[in-house]
Amino acid sequence: MYKKLLIGLLIFLCAANAHAGGIDKLKEFITATHSAQADFTQVVLDQNGKRIQSASGVMQFQRPGKFRWTYQKPYEQIIVGDGTKFWLYDVDLNQVTVRKLDAALGSSPAALLSGSNEIERGFTLKESGSQDGLEWLQAISKTQDSSFEKILMAFNAQAELVIMELNDAFGHKTVLRFSGMKHNPQLPPSQFQFT
């Protein structure tokens, strides 16, 4: 009898996990992923859906607040956050911009990914359904000074972040696609320091 009950419970838990919504997938991702590295592509679309910019590179983060986005194409840029400060380095111009981390990030992808596990303090989360085997959720910043009106995130069955769509007040949409996601890699502290 206990064996049947245990099997029934395992089947229920597996089924429940397989059909978890986007919010559950986000929480699973945040809880299980303390650091990550992935390749990304970034496309910016205007209000008519026309591509106005594209880029690609490598993203890394380590919680709390440390990240590195290395844009390789079309122009080399490095964005680094050490938990306190934020650096944007344009390789071609040999120019660097430094700001306090909180002021620079707001509700950016870096803030969402590298922030603390308390995402619901800064964002209102809403399920957005399933599409093409991905679970979607919508995150809306609770502050009025956000750069983005809404952010959509899509997770696969393994609770890996696959897509982020950032919609700004001007009708532009930035689509980030992640691939080759590595969970909890050992990242050297130097990755999150700018020199």
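How many helices and strands does the secondary structure of the chain come to? The tally is 5 helices and 11 strands. Please keep in mind that this is a predicted model. The legends below start with the whole chain and then move to close-up views.

**Figure 1. The whole chain, with 43% of its 195 residues buried.** The accessible surface comes to about 11,600 Å², and carbon and sulfur atoms account for 53% of that area. Contacts also link distant parts of the sequence: of those between residues at least 6 apart, 44% join residues at least 24 apart.

**Figure 2. An open, antiparallel sheet built from 11 strands.** If you walk across the sheet, you meet the strands in the order S6-S5-S4-S3-S2-S1-S11-S10-S9-S8-S7. At the edges stand S6 (95-100) and S7, each with a single partner strand, so one side of each has no neighbour in the sheet. On average, neighbouring strands are turned by 20° against each other, with direction ignored.

**Figure 3. Strand S10, residues 161-168, and its partner S9.** S10 is a good strand to look at for burial: 7 of its 8 residues are buried, so the rest of the structure largely encloses it. Strand S9 (residues 148-155) pairs with S10 in the antiparallel sense, over 7 bridges. To find your way along this pair, look for Lys-150, whose bridge partner in S10 is Asn-167. The two strands form a hairpin with 5 residues between them.

**Figure 4. Strand S10 and its other partner, S11.** Here 5 bridges join S10 to strand S11 (residues 173-183), and the two run antiparallel. Ile-163 is a handy landmark, standing opposite Arg-177 in S11. This pair also makes a hairpin, with 4 residues between the strands. In its turn sits Gly-171, with a positive phi of about 85°.

**Figure 5. A salt bridge between Lys-173 and Glu-165.** How many salt bridges does a search of the whole structure find? The search finds 1. The side chains of Lys-173 and Glu-165 meet at 3.7 Å, N to O. What about the burial of the two residues? Lys-173 counts as partly exposed, at 28% relative accessibility, while Glu-165 is buried, with a relative accessible area of 15%.

**Figure 6. Two separate nonpolar cores.** The largest core has 30 residues. Which of its residues touch the most other members? They are Trp-69, Leu-137, Ile-151, Met-153, Leu-161, Met-164 and Phe-178. A second core, separate from that one, has 8 residues, including Leu-134, Leu-152, Ile-163 and Val-175. Ile-163 may look familiar, as this is the residue that stands opposite Arg-177 in S11.

**Figure 7. Two cis peptide bonds, each leading into a proline.** Most peptide bonds are trans, which makes cis bonds worth a look. One cis bond runs from Arg-63 to Pro-64, with omega near -5°. Pro-64 lies in the loop between strand S2 (51-62) and strand S3 (66-73). Another cis bond joins Lys-73 and Pro-74, where omega is about -5°. You will find Pro-74 in the loop between S3 and strand S4 (77-82).

**Figure 8. Positive phi at Asp-132 and Ala-159.** Most residues other than glycine have a negative phi. Asp-132 is not a glycine, yet its phi is positive, at about 55°. The residue sits in the loop between strand S7 (123-131) and strand S8 (134-141). Ala-159 also has a positive phi, near 60°, and belongs to the loop between S9 and S10. Is each of these residues buried or exposed? Asp-132 is exposed, with a relative accessible area of 72%, whereas Ala-159 counts as buried because its relative accessibility is 2%, below the 20% cut-off.

Note on methods: Residues are numbered from 1 along each chain as its sequence is written. This is a predicted model: local features need pLDDT of at least 70, side-chain atom pairs count only at pLDDT 80 or more; totals for chains, interfaces and linings use all residues. Side-chain values use heavy atoms; hydrogens and water are left out. Buried means under 20% relative accessible area, exposed over 50%, partly exposed in between (1.4 Å probe, protein chains only). Two strands pair if DSSP finds at least two bridges between them. Contact means heavy atoms within 4.5 Å. Accessible areas come from the Shrake-Rupley method with a 1.4 Å probe; for residues, only the protein chains shown count as cover. A nonpolar core is a set of buried Ala, Val, Leu, Ile, Met, Phe, Trp, Tyr and Cys residues joined through side-chain atoms within 4.5 Å. Axes are lines fitted to C-alpha atoms, for helices over the stretch in contact, and angles run from 0 to 180 degrees between N-to-C directions. A salt bridge is a side-chain nitrogen of Lys or Arg within 4 Å of a carboxyl oxygen of Asp or Glu.
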